[in-house]
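Please open the model in your viewer and keep the sequence panel beside it, and then follow the stops below in order, selecting each part as it is mentioned.

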Amino acid sequence: MSRNEKLPRTSPLKPVHVNPVHRASCHCGAVQLDLTLPNGIEDPRRCDCSICRRRGAIAASVSLKNLKVVAGAEQLRLYQFNSMTAKHYFCGICGIYTHHQRRSNPEEYGYNVACLEGINPYDLGEVPLNDGINHPSDRI
Ligand SMILES: [Zn+2]
């Protein structure tokens, strides 16, 4: 199918098949993650907070114990800002965001859906937008 034949994406969120343990990788392949995803791609969303709006990735949720860095831990760079609570990781070679430990729920990582091997993030359809400007941790 040529690019012009693609239909506009107006459909709601679609189920995308993933393996129970699915491999994720950065662009250069140095960083490899194994994600245990018994419920598939959970809670995928885009976000308009200051960092998400710039990186543009769809992030989904996984508990801390269900994300294992199986290669390239030494290549991961950590970026923190503002409250210095969330931990944003990216590959120091290719620069791709792989995952982050959340500020809103430190028991969870968000991970980059586009890093899942063999998964096209556009197959998810329309992904909800998270209100990152009004972060739950900034509300009193
Ligand atoms: Zn890389």
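A residue is called buried if 20 or more other C-beta atoms lie within 10 Å of its own, exposed if 12 or fewer do, and partly exposed in between, with the C-beta atoms placed from the backbone. The model is a predicted one, in which local features need pLDDT of at least 70 and side-chain atom pairs count only at pLDDT 80 or more, while totals for chains, interfaces and linings use all residues. Residues are numbered from 1 along each chain as its sequence is written.

**The whole chain**

Begin with the chain coloured by secondary structure, where helices (H or I, at least four residues) and strands (E, at least two) are DSSP runs, numbered from the N terminus. You should find one helix and ten strands, and reading along the sequence gives the pattern β-β-β-α-β-β-β-β-β-β-β. Of the 140 residues of the chain, 26% count as buried. Two residues are said to be in contact if their C-beta atoms, placed from the backbone, lie within 7 Å. Among contacts between residues at least 6 apart in sequence, 60% join residues at least 24 apart.

**The sheet of three strands**

Strands of a sheet pair through backbone hydrogen bonds, either parallel or antiparallel, and here two strands are taken to pair if DSSP finds at least two bridges between them. Select β1, β2 and β5, which form an open sheet in the order β1-β2-β5 with antiparallel pairing. Because β1 (21–25) and β5 (67–71) stand at the edges, each with a single partner strand, one side of each is left without a neighbour in the sheet. The twist averages 30 degrees from one strand to the next, where angles run from 0 to 180 degrees between N-to-C directions and axes are lines fitted to C-alpha atoms, for helices over the stretch in contact.

Now look at the pairing of β1 and β2, which extends over five bridges in the antiparallel sense. Ala 24 stands opposite Leu 33 in β2, and Ser 25 stands opposite Gln 32 in β2. The hairpin of these strands has six residues between them, and Gly 29 there takes a positive phi near 90 degrees. On the other flank, β2 and β5 pair in the antiparallel sense over four bridges, with Leu 67 in β5 as the bridge partner of Leu 35.

Show the side chains of β2, and ask which of them are buried and which are not. They alternate along the strand: Leu 33 and Leu 35 point to one face and are buried, whereas Gln 32, Asp 34 and Thr 36 point to the other and are not.

**A loop beside this sheet**

Select Ala 73, which has its place in the loop between β5 and β6. Ala 73 is partly exposed, because 13 other C-beta atoms lie within 10 Å. Ala 73 and Leu 33 are 40 residues apart in sequence, but 9.4 Å apart in space, C-alpha to C-alpha.

**The sheet of seven strands**

Turn next to the open sheet of seven strands, whose order is β6-β7-β8-β9-β4-β3-β10, with mixed pairing. Here β6 (76–79) and β10 (129–130) stand at the edges, each with a single partner strand, so one side of each is left without a neighbour in the sheet.

Strand β3 (residues 42–47) pairs with strand β4 (residues 59–63) in the antiparallel sense over two bridges: the bridge partner of Arg 45 in β4 is Ala 59, and Glu 42 stands opposite Ser 61 in β4. Two bridges also join β3 to β10, which run parallel, and Arg 46 stands opposite Leu 129 in β10.

Stay in β3 and select Asp 43, which has a positive phi of about 55 degrees although it is not a glycine. Is Asp 43 buried, exposed or partly exposed? Asp 43 counts as partly exposed, because it has 14 C-beta neighbours inside 10 Å.

**The nonpolar core**

Finish with the largest nonpolar core, a set of buried Ala, Val, Leu, Ile, Met, Phe, Trp, Tyr and Cys residues joined through C-beta atoms within 7 Å. This core has 27 residues, and those with the most contacts inside it are Leu 35, Ile 58, Ala 59 and Tyr 111. The elements that give two or more residues to it are β2 (32–36), β4, β7 (87–91) and β9 (108–112). Leaving aside its neighbours within four places in sequence, Ile 58 is in contact with several residues, including Pro 44, Val 113, Pro 121 and Val 127.
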